[in-house]
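Open the model in your viewer and keep the sequence panel in reach. We will go stop by stop, with something to select at each.

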Amino acid sequence: MSDKSFREAFPDRLKYYLDIREKTRQDLVRDLGLKYTTVCDWVNGRSVPRMDKVELLANYFQCEKSELLEFKDTATEDELSAAR
């Protein structure tokens, strides 16, 4: 995956997982010990996390790292989430 694709996909994927897990930016700050400005920069696409932070987020959201790094078909994911 190109760096550009990662930079484009990550903010959308992060917002998606925040939404479906009913978490806020402040939850990430509190639960993972992150800085609020860092989380805001990720959500707004101003920066992207290092791979160790991607792994931390994947563990937190109980998903694969690739699910945070690549565009996915969210309709299919919504259907899967509803079935859980």
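## The whole chain

Start with the surface of the chain, which comes to about 5,300 Å² of accessible area, with 46% of it belonging to carbon and sulfur atoms. This is a predicted model. Colour by secondary structure next. The chain has 6 helices and 0 strands. Read along the sequence, the pattern is α-α-α-α-α-α.

Now colour by burial. Of the 84 residues, 33% count as buried. Then look at contacts between residues with a separation of 6 or more: 62% of them link residues 24 or more positions apart.

## Stop 1: the nonpolar core

Which residues touch the most other members of the largest nonpolar core? Select Phe-10, Leu-14, Leu-28, Leu-57, Phe-61 and Leu-68 to see them. The core holds 21 residues. Helices α1, α2, α3, α4 and α5 (65-69) each give two or more residues to this core. The top contributor is α1, with 6 residues.

Stay on Phe-10 and show its surroundings. Beyond its neighbours within four places in sequence, Phe-10 is in contact with Trp-42, Pro-49, Leu-57, Leu-68 and Leu-69. Leu-57 and Leu-68 are worth labelling here, since both also appear among the core residues that touch the most other members.

## Stop 2: Arg-13 in α1

Move along to Arg-13, in helix α1 (residues 3-20). Is Arg-13 buried or exposed? Its relative accessible area is 2%, so Arg-13 is buried. Show its side chain and find Glu-70. The side chain of Arg-13 reaches the backbone oxygen of Glu-70 at 3.4 Å.

## Stop 3: α2, at Arg-25 and Asp-27

Select helix α2 (residues 25-32), where Arg-25 is found. With a relative accessible area of 27%, Arg-25 is partly exposed. Display what lies around Arg-25. Setting aside residues up to four places away in sequence, Arg-25 touches Tyr-36, Val-39, Cys-40, Val-43 and Asn-44. Now draw a distance from Arg-25 to Thr-38, 13 residues apart along the chain: their C-alpha atoms are separated by 9.8 Å.

Asp-27 lies in α2 as well. At 13% relative accessibility, Asp-27 counts as buried, the cut-off being under 20%. Show the side chains of Asp-27 and Arg-30, which a polar contact of 2.9 Å joins. Residues up to four places away in sequence aside, Asp-27 touches Glu-22, Leu-32 and Tyr-60.

## Stop 4: α3 and the loop after it

Which residues of helix α3 are buried? Select residues 36-43, then pick out Val-39, Cys-40, Trp-42 and Val-43. Look down the axis of α3. The buried residues fall within an arc of 160 degrees, so they line one face of the helix. Two of the contacts met earlier come back here: Trp-42 is a partner of Phe-10, and Val-39 is a partner of Arg-25.

Step off the end of the helix. Gly-45 follows α3, and its phi is positive, near 75 degrees. Asn-44 is in the loop between α3 and α4 (51-61). At 41% relative accessibility, Asn-44 counts as partly exposed. Draw a distance from Asn-44 to Asp-12, 32 residues apart along the chain: their C-alpha atoms are separated by 8.9 Å.

## Stop 5: α4

Select α4 and highlight its buried residues, Val-54, Leu-57, Ala-58 and Phe-61. Why do these residues sit on the same side of α4? They cover an arc of only 100 degrees around the axis, which puts them on that one side. The general rule is worth keeping in mind: an α-helix has 3.6 residues a turn, so residues three or four places apart point the same way.

Leu-57 and Phe-61 should look familiar from the core stop, where both were among the residues touching the most other members. Just after α4, check the backbone of Gln-62, which takes a positive phi of about 55 degrees.

## Last stop: the cysteines

Select Cys-40 and Cys-63. At 10% relative accessibility, Cys-40 counts as buried. Cys-63 counts as buried too, at 12%. How many disulfides does the structure hold? The count is 0.

Terms used:
Residues numbered from 1 in each chain as written. Predicted model: local features only at pLDDT ≥ 70, side-chain atom pairs only at ≥ 80, totals over all residues. Heavy atoms only, no water. Buried < 20%, exposed > 50% of the residue type's maximum accessible area, 1.4 Å probe, protein only. Helix = DSSP H or I, 4+ residues; strand = E, 2+ residues; numbered from the N terminus. Arc of directions from axis to C-beta. Polar contact = N/O pair within 3.5 Å; in protein donor to acceptor, adjacent residues only side chain to side chain. Disulfide = S-S within 2.5 Å. Contact = heavy atoms within 4.5 Å. Areas by Shrake-Rupley, 256 points an atom, 1.4 Å probe, with all protein chains shown as cover. Core = buried A, V, L, I, M, F, W, Y, C linked by side-chain atoms within 4.5 Å.
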